[in-house]
Each structure stands twice: as C-alpha cells, then as structure tokens.
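Subject: Handing over the structure

Hi,

Here is the structure I promised to pass on to you. Please have a look at it below, and then read on for what I found in it.

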Amino acid sequence: MSILVTGGAGFIGGNYVLDLLALGDEPVVNLDRLTYAGNLETLQEVMEDPRHHFVQGDIGDQGLVSQLLAEHCPRAIVNFAAESHVDRSITGPEDFIQTNIVGTFRLLEAARHYWSGLADEDKAAFRFLHVSTDEVYGSLEKDDPPFTEASRYAPNSPYSASKAASDHLVRAYHHTYGLPVLTTNCSNNYGPYQFPEKLIPLCIHNALAGKPLPIYGDGQQIRDWLYVKDHCSAIRRVLEAGTVGEVYNIGGWNEQTNLDVVKTLCVILDEEQPRADGRSYTEQITFVRDRPGHDRRYAIDARKIERELGWRPAETFETGIRKTVRWYLEHQEWVRHITSGTYRDWALMQYGA
C-alpha cells in the first residue's frame, strides 16, 4: 500500500511529502507537472529514497493517473495539484480552469474507476482527500464571524472560482458515486519552500536584495496565517480519522493585516541580518496599486477539526514567522535557483520596477 500525492513538488505538497517520509515508512507516489512553482530541489533529501517514487505528469492525464493507480495500488490520493496564485489567475485564468477544474475532474474519474474495482475491504479503507482554500467563501467584513464549513461559497477571483468548482466536483462524486472523499479548506500558508511570488517569501527576498517591499493598496487586507507544517499535520489527521464526505476548515487562529505581516518580517530581519547601512528594512515598504477585486478579509473558524479530530496548530504566528525567516536566510541557494529569469519578468510586470 502507498499514498498518491498530486502536486507533491509544490510548496504545501512538498512539505507534506517530506513530513510523510520523515514520520513513517509508507511509500509515496509523487505526481507533479513541474510548472514554475514545482521544484525538485524541495525534495532533494528524498529523491534517492526508495520509498519516494516521483513521476512528472499532469493530473489531467487520466491515462497516466490510471496507470499509476493500477501499478502502486494506493490506499489514498491526496490532491494538492492546483494553480494557486490569485494574481496569476487575473492575468491568465485559462490555466486555472484547465488544472483546477478539468484536471480535478479527470483525477476524480481515474480515482472512481480504480476505487470501484477494489476488494470490499480496500474499497472501504480508500480515501480521496482534496486540498482547497478559504478563498472559496469570498470576503468578510472586519467584524463578520469567521468562515465555517457551512459558509456560503462566494468566490471572487478566477482562482477561487476554479477551486470552488473543484470542491463541488469532489462533493458530487461522493454523493453520486459513493467515492469516499474528504475536503479541507485552509487559510493562507507560509513557511519553508514557498515560491517567492507570495507575500512573505517575496518580501524576504526583496528585502535582502535591497528592493521595494510591495504592499497592495493600503495594506489593511486581513488574512489568517497558517504555518505549513501545521497544515500538513492537519491533513494527516483528517486522512487518518476524518468522516467521509465531510469538509474540515484548517486555520492558524492568526489574523494579521498584510502590512503588519511585512512590518513583522522587517523587525525579524533587522535582528537576524541587519542592513549594511544600519537602517530598518521597513524603509523599503512601498505601496502599489491594489489588484482588481482584492478580497478584504479571510478568517477561518477551525473549531470543527479541533472538536472532532483533536487538532490545533502547534505554531503561533510569532513562532512560525521567525522559523520561516530563519529558514530563508539559511537557504539562499534554494531561493537563488528558483528565482529564474521568468520569475523576475513576472515580478516586474506585476509590481513594476
């Protein structure tokens, strides 16, 4: 038996694969298309591990997925594979439709045919865990209660709309065909191995390079921040004990404005790697034009997963963000390799000079 992880060379999926192999002996089949955000250097320590079988491929390739299922007989599929950056979905939405909707559909079809052919005992034990986002719920006002699993879907970007569609497909395959699914909706992740298009690694990278730290609009957009290792532990717990057909919201209980996040990064960098001129990195903060349709606030009510499965995040924002900054300072070679010319071109287009 094994686990098939899709998108396992990306940020969250890569951390999940590393943790699975560090914590247990079960083989992992890792399927990733290796787009710009997929990086085999993230998996360097396990690439020679006989328990880790990496395959470069697309979840939309139903024949390939079916072949892997038949060959490795996994007891579960954990689906991280997705286009995931709102900014990119605004400038190029079609990739999000193809991967997040069509790709999820084809993955579900392959999973359904594989699962229907299993022996009764294996069929009962099989799980399809779909990793999604809090952005499917839309935007909150400052004083609104956090999103629960019963919150109405109201996606506001091509990214969140494509993820909402994939969530609905997963739900439909459970109710129509009986496929034993689980869905998780997480808040903003941060931590090791995150591609530097997202706020935290982008600002660490720019700070050290002496570049502006771009903040959309007034910087008062509020997000709940979840340390990636906590997210991975929650997914392991849901896969282990979650109720089939249920949705579990995974949050960090750490609401912060984007501006406060960047100011915190600057304070830590001032301590850990001061600027040569002795000034604070906060002087590099630059406000840029807000992106279209920017949601004002996301917040996760994670009481269900705590109540039913006994999970809570281990990291506070203060402990998690300091670990994150130190990781990036200690892994500058990884950052240099991933920030290619295509990344620089995109960053210039998105945030200007």
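One thing to keep in mind from the start: this is a predicted model.

**The seven-stranded sheet**

Let me begin with β2 and β3. Strand β2 and strand β3 (residues 52-56) pair in the parallel sense over 5 bridges. If you want to find the register, look for Val28, whose bridge partner in β3 is His52. Strand β2 also pairs with strand β1 (residues 3-6), again in the parallel sense, and here there are 4 bridges. Val28 turns up in this pairing too, as the bridge partner of Ile3. Between these two strands comes helix α1 (residues 11-23), and β1, α1 and β2 together make a right-handed β-α-β unit.

How enclosed is β2? Of the 5 residues in this strand (residues 28-32), 5 are buried, so β2 is largely enclosed by the rest of the structure. Val28, Asn30 and Asp32 point one way from the strand, while Val29 and Leu31 point the other way, and all of them are buried.

Now for the whole sheet. It is an open sheet of 7 strands with parallel pairing, and the order is β3-β2-β1-β4-β5-β6-β10. The edges are taken by β3 and β10 (247-250); each has a single partner strand, so one side of each is left without a neighbour in the sheet. On average, neighbouring strands here are turned by 20° against each other, direction ignored.

At the β10 edge, strand β6 (residues 181-186) runs parallel to β10, and 4 bridges join the two. One pair to look for is Cys186 with its bridge partner in β10, Ile250. Helix α8 (residues 228-241) packs on this sheet and touches β1, β4 (76-79), β5 (127-133), β6 and β10. The direction of α8 makes about 145° with that of β5.

**The smaller sheet**

There is also an open sheet of 3 strands, in the order β7-β9-β11, and its pairing is mixed. Here β7 and β11 stand at the edges with a single partner strand each, so one side of each has no neighbour in the sheet. Neighbouring strands of this sheet are turned by 50° against each other on average, direction ignored. Strand β9 (residues 222-227) and β11 run antiparallel and are joined by 3 bridges. Within that pairing, Arg223 has Gln256 of β11 as its bridge partner.

**Helices α7 and α11**

Next, have a look at helix α7 (residues 199-208) and helix α11 (residues 317-330). Their axes come within 11 Å and cross at roughly 50°. The two helices are therefore oblique to each other, and their crossing is right-handed. On the α7 side the contact is made by Ile200, Pro201, Ile204 and Leu208, and on the α11 side by Ile321, Thr324, Val325, Tyr328 and Leu329.

Helix α7 is largely enclosed by the rest of the structure, because 9 of its 10 residues are buried. Among the buried residues are Leu199, Cys203, His205 and Asn206. Just after α7 you will come to Gly210, which takes a positive phi of about 75°.

**A few residues worth a look**

Two residues other than glycine have a positive phi. Cys73 has a phi near 50° and is found in the loop between α2 (62-72) and β4. With 37% relative accessibility, Cys73 counts as partly exposed. Tyr193 has a phi near 70°, and its place is in the loop between β7 (188-190) and α7. At 13% relative accessibility, Tyr193 counts as buried.

Finally, where does Trp253 sit? Trp253 lies in the loop between β10 and β11 (255-257), and at 36% relative accessibility it counts as partly exposed. Leaving aside neighbours within four places in sequence, Trp253 is in contact with Asp224, Ile300, Asp301, Ala302, Arg303, Arg312 and Pro313. Glu45 is 208 residues away from Trp253 along the chain, and the C-alpha atoms of the two are separated by 31 Å.

Happy exploring, and best wishes

Terms used. Residues numbered from 1 in each chain as written. Predicted model: local features only at pLDDT ≥ 70, side-chain atom pairs only at ≥ 80, totals over all residues. Heavy atoms only, no water. Buried < 20%, exposed > 50% of the residue type's maximum accessible area, 1.4 Å probe, protein only. Pairing = 2+ DSSP bridges. Right-handed = clockwise from strand over helix to strand, strands pointing away. Axes fitted to C-alpha atoms, helices over the stretch in contact; angles between N-to-C directions. Contact = heavy atoms within 4.5 Å. Parallel < 35°, antiparallel > 145°, perpendicular 65-115°, else oblique. Left-handed = near helix turned anticlockwise from the far one by under 90°.
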